[in-house]
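Hi everyone, thanks for making time this morning. I'd like to walk you through one protein, so have a look at the screen.

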Amino acid sequence: MLMPAPEQDIIAQRLDLIAALRRIVPGEGVIADETSLRAFECDGLTAYRQLPLVAVLPSNVQQVAEVMKLCNARGVKIVPRGAGTSLSGGALPLADGVLLGLGKFNKVLDIDWDNRCAVVQPGVTNLGITRAVEHRGFYYAPDPSSQIACTIGGNVAENSGGVHCLKYGLTTNNILGVEMVLMNGDIVRLGGKHLDAEGYDLMGIICGSEGLLGVITEVTVRILPKPTTQRAVLAGFPTSESAGNCVARIIASGIIPGGMEMMDRPAIHAAEDFVHAGYPRDVEALLIIELDGPPAEVDDLLLRVKDIAERCGSVSLRVSQNEDERLAFWAGRKAAFPAVGRISPDYLCMDGTIPRKTLPLVLTRMGQLSEKYGLRVANVFHAGDGNLHPLILYDANNPGELARAEEFGADILRLCVEVGGVLTGEHGVGVEKRDLMPAMFSEADLAQQMRVKCAFDPNHRLNPGKVFPVLHRCAELGRMHVHKGQLAFPDLPRF
Ligand SMILES: Cc1cc2nc3c(=O)[nH]c(=O)nc-3n(C[C@H](O)[C@H](O)[C@H](O)COP(=O)(O)OP(=O)(O)OC[C@H]3O[C@@H](n4cnc5c(N)ncnc54)[C@H](O)[C@@H]3O)c2cc1C
């Protein structure tokens, strides 16, 4: 994985830049010593590490604007960072770039019960929003498994999802407005508490922009009343195919569960050993299906789902009998990634999306790839929306194993595209899937996406080296030739 070559003249200005940043963000807000900078050297994609030139932790929007204006004037790059839990390397620092951390933006500014929304700073954690409104029976719906740590700013930048997004939508469906600072220091507001916005849907562009268009400094989120009843079903199956079939039939019957997740045998065992959630160990695939709503509706849905599961060959069925049990069912799924971390020194978490009906085919092909590469894989899916999270297990201390794991991962993502899916579900492109973008997008597609980037950041100073497989001046757009999904001279370094 290549990153843009660091600009030596920028590195040479380091001490002067630090002094200028300290004039904007006084006190402990500028971090320049190597030991402290280590805390920022990677995000959740720990395979890639790089110390930033310097890290800045501003505490108000004027400081963010001044820092960006300064960097823009000096030609210095900026990498925004929330909690650093990204799994695609979106917050990977640059050797010649300022890391702009939003951790001090951690306040809930306004809870507007009448308009069912909350205005929060970007460093508030995802779960922190629910904590702030739950005393009145409300919650914030998108719930990434990392919700205890990840920030709403990072969620907006990645358009994050979670187990309940099947029914309640991704981040993009649950935010109403943002305040954002552009690379030239301009502070702009998009959307607000109102439900409809005039003009272009720029919120749709910002959500999922991976820190390439601006730095988000405030977010207005929807809050929803908590469903009166939530019950979860654990359904075990003898094959992944029968579990996949059950998922398709539930959706086809018109039921949209609050969440519908699937785990395969290695993931079930890893989670059960770690959390003791009560998962059956003698099945090949497990579905966790949550049904929510008024009690009578949930009772009816439970009967229908149990019936479908049995007809699809389910060999074990349990329904949560109380809230503690429901949370225990989910605890295993939510801890699946750290649980897999206990059975392998390293793993790569992939994130592709496929049409639901292709699940059995994709699982079979993934098994064949696992044999080909000699690496184990544990699967956790947001089954309802076809979003796969294969975890490729490897040991970075074994020479060549990381490269093999990366190649295996790339093959899985190509397979997702081949069966009519997409390269990413919710973890973003970052550096991880950057070089696979031509497998999915044509030259014209990529050029048009880059034109949007150019409209916000014409000099490519904001998070460069991420998302786009080539870096070139905005004026050159349209001249990059991608033929049949292949870049010309793919072996040439692009940065
Ligand atoms: C154990 C584990 C489980 C996970 N489970 C899920 C899951 O279920 N669903 C899911 O979607 N993701 C999941 N993730 C991935 C990750 O948590 C999300 O992508 C999350 O939204 C990242 O938030 P963050 O605050 O950590 O952002 P960071 O990692 O700090 O940054 C992510 C990206 O957002 C940009 N960014 C951050 N803040 C801002 C800002 N204020 N303005 C502009 N750009 C910004 C960064 O430049 C970077 O490109 C998981 C990660 C881990 C480690």
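Before the domains, one term: I call two residues in contact if their C-beta atoms, placed from the backbone, lie within 7 Å. And please keep in mind that this is a predicted model.

With that, how many residues of domain 2 are in contact with domain 4? Nine residues of domain 2 touch 10 residues of domain 4. On the domain 2 side, the classes are four nonpolar, three polar and two charged residues. The C-alpha centres of these two domains are 28 Å apart. In the domain assignment, domain 2 covers 108–225 and domain 4 covers 344–434.

Now let's step back to the whole chain. The protein has 17 helices and 21 strands. Its radius of gyration is 23 Å, close to the 23 Å from the globule rule for 495 residues, so the protein is as compact as a globular protein of that length. The C-alpha trace spans about 65 × 55 × 45 Å along its principal axes, and 48% of the 495 residues count as buried.

Next, a sheet I enjoyed looking at. Five strands make an open, antiparallel sheet, ordered E5-E6-E10-E8-E9. Its edges are E5 (108–112) and E9 (187–191), each pairing on one side only. From one strand to the next, the twist averages 15°. E8 (residues 175–181) is joined to E9 by five bridges, and Val178 sits opposite Leu190 in E9.

Two helices lie across these strands. Helix H4 (residues 61–74) crosses E8, E9 and E10, at about 50° to E8. Helix H5 (residues 126–133) crosses E5, E6 and E10, at about 130° to E6. Thanks for listening!

Note on methods. Residues are numbered from 1 along each chain as its sequence is written. This is a predicted model: local features need pLDDT of at least 70, side-chain atom pairs count only at pLDDT 80 or more; totals for chains, interfaces and linings use all residues. Domain bounds come from an automatic or database domain assignment. Ala, Val, Leu, Ile, Met, Phe, Trp, Tyr, Cys and Pro count as nonpolar, Asp, Glu, Lys and Arg as charged, and the others, Gly among them, as polar. Helices (H or I, at least four residues) and strands (E, at least two) are DSSP runs, numbered from the N terminus. The radius of gyration is taken over C-alpha atoms; the globule rule is 2.2 Å times the number of residues to the power 0.38. A residue is buried if 20 or more other C-beta atoms lie within 10 Å of its own, exposed if 12 or fewer, and partly exposed in between; C-beta atoms are placed from the backbone. Two strands pair if DSSP finds at least two bridges between them. Axes are lines fitted to C-alpha atoms, for helices over the stretch in contact, and angles run from 0 to 180 degrees between N-to-C directions.
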